[in-house]
Amino acid sequence: MWKKLYEVLSRLFALTQKVERHDKEIVGLQQELKDLTAVAQRLVYEIHRISERETHERDKMQLRLENQLLRFERRLEPAGKDDDND
């Protein structure tokens with residue numbers, strides 16, 4: 001009977017230690033999950049910012065090209081007007 005009681009208490013002690021260790025591991029994993037979630041949110045934000053920046057850069061490039069084309073066309077107009085006067 002004492003032997004069985006000792007075994008039960010021994011198992012109970014071992015299980016208590018495992019539960020405490022698992023509780024600590026769970027706390028650590030929860031913190032890691034929070035950290036990873038924060039990193040993922042920052043990455044999503046940065047990707048969004050990069051996408052917006054690239055869109056703005058494309059728009060600026062398009063406007064520059066249109067501006068250059070208009071300047072080029074303005075330079076060609078007088079030559080076209082001379083041909084009409086002949």
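Here are some questions and answers on the helix, salt bridges and surface of this predicted model.

Residues are numbered from 1 along each chain as its sequence is written, and side-chain values use heavy atoms, with hydrogens and water left out. Since the model is predicted, local features need pLDDT of at least 70 and side-chain atom pairs count only at pLDDT 80 or more, while totals for chains, interfaces and linings use all residues.

Q: How many helices and strands does the secondary structure of the chain come to?
A: Helices (H or I, at least four residues) and strands (E, at least two) are DSSP runs, numbered from the N terminus. Helix 1 covers residues 2–85. The tally for the chain is one helix and zero strands.

Q: What percentage of the 86 residues in the chain is buried?
A: Buried means under 20% relative accessible area, exposed over 50%, and partly exposed in between (1.4 Å probe, protein chains only). Counted that way, the buried share of the 86 residues is 0%.

Q: How many salt bridges does the count come to?
A: A salt bridge here is a side-chain nitrogen of Lys or Arg within 4 Å of a carboxyl oxygen of Asp or Glu. Glutamate 46 pairs with arginine 49 at 3.6 Å, N to O, and those two sit about one helical turn apart, because they are three residues apart in helix 1. By this rule, the count is three.

Q: Which residue meets arginine 21 in a salt bridge?
A: Arginine 21 is partly exposed, at 43% relative accessible area. Its partner is partly exposed too, at 42%. The two are four residues apart in helix 1, so about one helical turn separates them. The N to O distance is 3.9 Å, and the partner is glutamate 25.

Q: What is the N to O distance between the side chains of glutamate 57 and lysine 60?
A: These two are three residues apart in helix 1, so they're separated by about one helical turn. Glutamate 57 is partly exposed at 35% relative accessible area, and lysine 60 is partly exposed at 39%. Their side chains meet in a salt bridge at 3.1 Å.

Q: Which residues make the nonpolar surface patch of about 470 Å²?
A: Patches take residues with over 30% relative accessible area and no salt bridge, joining like charges within 9 Å and nonpolar side chains (Val, Leu, Ile, Met, Phe, Trp, Tyr) within 5 Å. Leucine 12 sits in helix 1 and is partly exposed at 49%. The patch is made by Trp2, Leu5, Leu9 and Leu12.

Q: What percentage of the accessible surface of the chain belongs to carbon and sulfur atoms?
A: Areas come from the Shrake-Rupley method with a 1.4 Å probe, and for residues only the protein chains shown count as cover. The chain's accessible surface is about 8,700 Å², and the carbon and sulfur share is 60%.
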